[in-house]
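Biologist: I am new to this structure and would like a close look at a single part of it. Could you take me through one helix with care, and then set it beside its surroundings?

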Amino acid sequence: MQLLHATLYDQPLSLEIRDNQQYLSYSGTVVSTSSHEELTEHHFVAANGVRVALQLTMLAGTPKMRYQLSLDGEEVQSEEFLLPSEPASKGTIGLLALGFKLFKSAKVVKAALAAASVAGYSWLFSIEFALVLVACLVVHEYGHVRAMQYFGIKTKGIYLIPFVGGLALSDDKLTTRWQDVVISIMGPVFGLLMSLGCLLLYALTGQELFAGAAVIGSLLNLFNLLPILPLDGGHVIKSISFSMRSWLGLSVCIAGMALGLGIAWIFGLALLVFFIFFGAIEILLEWRTRHQSVLVPLDSYGRIFSALWYILTLAGHVAVIYAFADAEHPILQLPMQILAN
């Protein structure tokens, strides 16, 4: 009986049970065998040298089995599936194969998006500036990831999106408004630290490259701090306002959407309208499920602290931009000109 037939690193991977014995084959060769028991582990080295571990656990009292896939000691997938009563159907095999392919290609997708981002920013500016700017984006997203890890939330990593920014994905749901505040604001906080670091490098070297990275980085983080869902600032304001009154939360979020539409109209930012559309869906869902919400609200101290943290982070990025208000280089002037408008 065949449990799965998938593709791992472009090579076939299959697991079969014969005479109460499990046979794991990779690239047409049996790489591991074990007795078919409640807990079974298989280990082998893939074609590219990656150490693969596959653990299978029978779930007592159910016709199900759980498998855990680890690559180089890092767990990348854990799923449950029904044990087939006959050779595995193409549907079951297809789902398992798709899961392996997705995890196999996740790093490739990240690398491809990062390369596309560098190429895009190099086309607009220069390769040196593109690399520094991408570093700023990565630091911003790492702030989100670090906050998720602090709360014990599993993460899927960082994805750079050309001409948009980046995205940090998680596997788990939030349980408190405080988590939402911290995870959302830590991106701009790390971004502010990166901008200050670039300013320090500029002071030490005199290279305008670092000054440009500081002000452009702060401009991007300032954009993220707008009180518009699904931007970081929108999540902070939503958590504060919905912790007070649901109608107040709805009013503040609608006001943020109106502000965003005004900014999109003035600067011709069609992408911002796209963000606002998804933000409106989030607001609607938040409002409709307000009575069943499991998120623990912020207390008075938490609301005040969150608001002050938000304002100070906002002010920090404005200060970085303002420091180059009289600069001669057009890139250094650009953020201040945008704020002035």
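Biologist: How many residues does α8 have, and what distance does it reach from its first C-alpha to its last?

Modeller: Please keep in mind that this is a predicted model. Helix α8, which covers residues 300-322, has 23 residues and reaches 33 Å from its first C-alpha to its last, close to the 33 Å expected at 1.5 Å a residue. Part of α8 is covered, since its buried residues are G302, R303, S306, Y310, T313, G316, H317, V320 and I321. In reading such a list it helps to recall that an α-helix has 3.6 residues a turn, so residues three or four places apart point the same way. Y301, which also lies in α8, counts as exposed because its relative accessibility is 62%, and exposed means over 50%. Together with W178 and F305, Y301 forms a nonpolar patch on the surface, and the three have about 340 Å² of accessible area together.

For another helix to set beside this one, α4 (residues 208-224) has 17 residues and reaches 24 Å between its first and last C-alpha, close to the 24 Å expected; α4 is mostly covered, with 13 of its 17 residues buried.

Elsewhere, a search of the whole structure finds one salt bridge, formed by D180 and K238, whose closest N and O atoms are 3.9 Å apart. D180 lies in helix α3 and K238 in helix α5, so the pair ties together parts that are 58 residues apart in sequence. Both D180 and K238 are buried.

Notes
Residues numbered from 1 in each chain as written. Predicted model: local features only at pLDDT ≥ 70, side-chain atom pairs only at ≥ 80, totals over all residues. Heavy atoms only, no water. Patch = residues over 30% accessible without salt bridge, like charges linked within 9 Å, V, L, I, M, F, W, Y side chains within 5 Å. Areas by Shrake-Rupley, 256 points an atom, 1.4 Å probe, with all protein chains shown as cover. Salt bridge = Lys/Arg side-chain N within 4 Å of Asp/Glu carboxyl O. Helix = DSSP H or I, 4+ residues; strand = E, 2+ residues; numbered from the N terminus. Buried < 20%, exposed > 50% of the residue type's maximum accessible area, 1.4 Å probe, protein only. Expected span 1.5 Å × (residues − 1).
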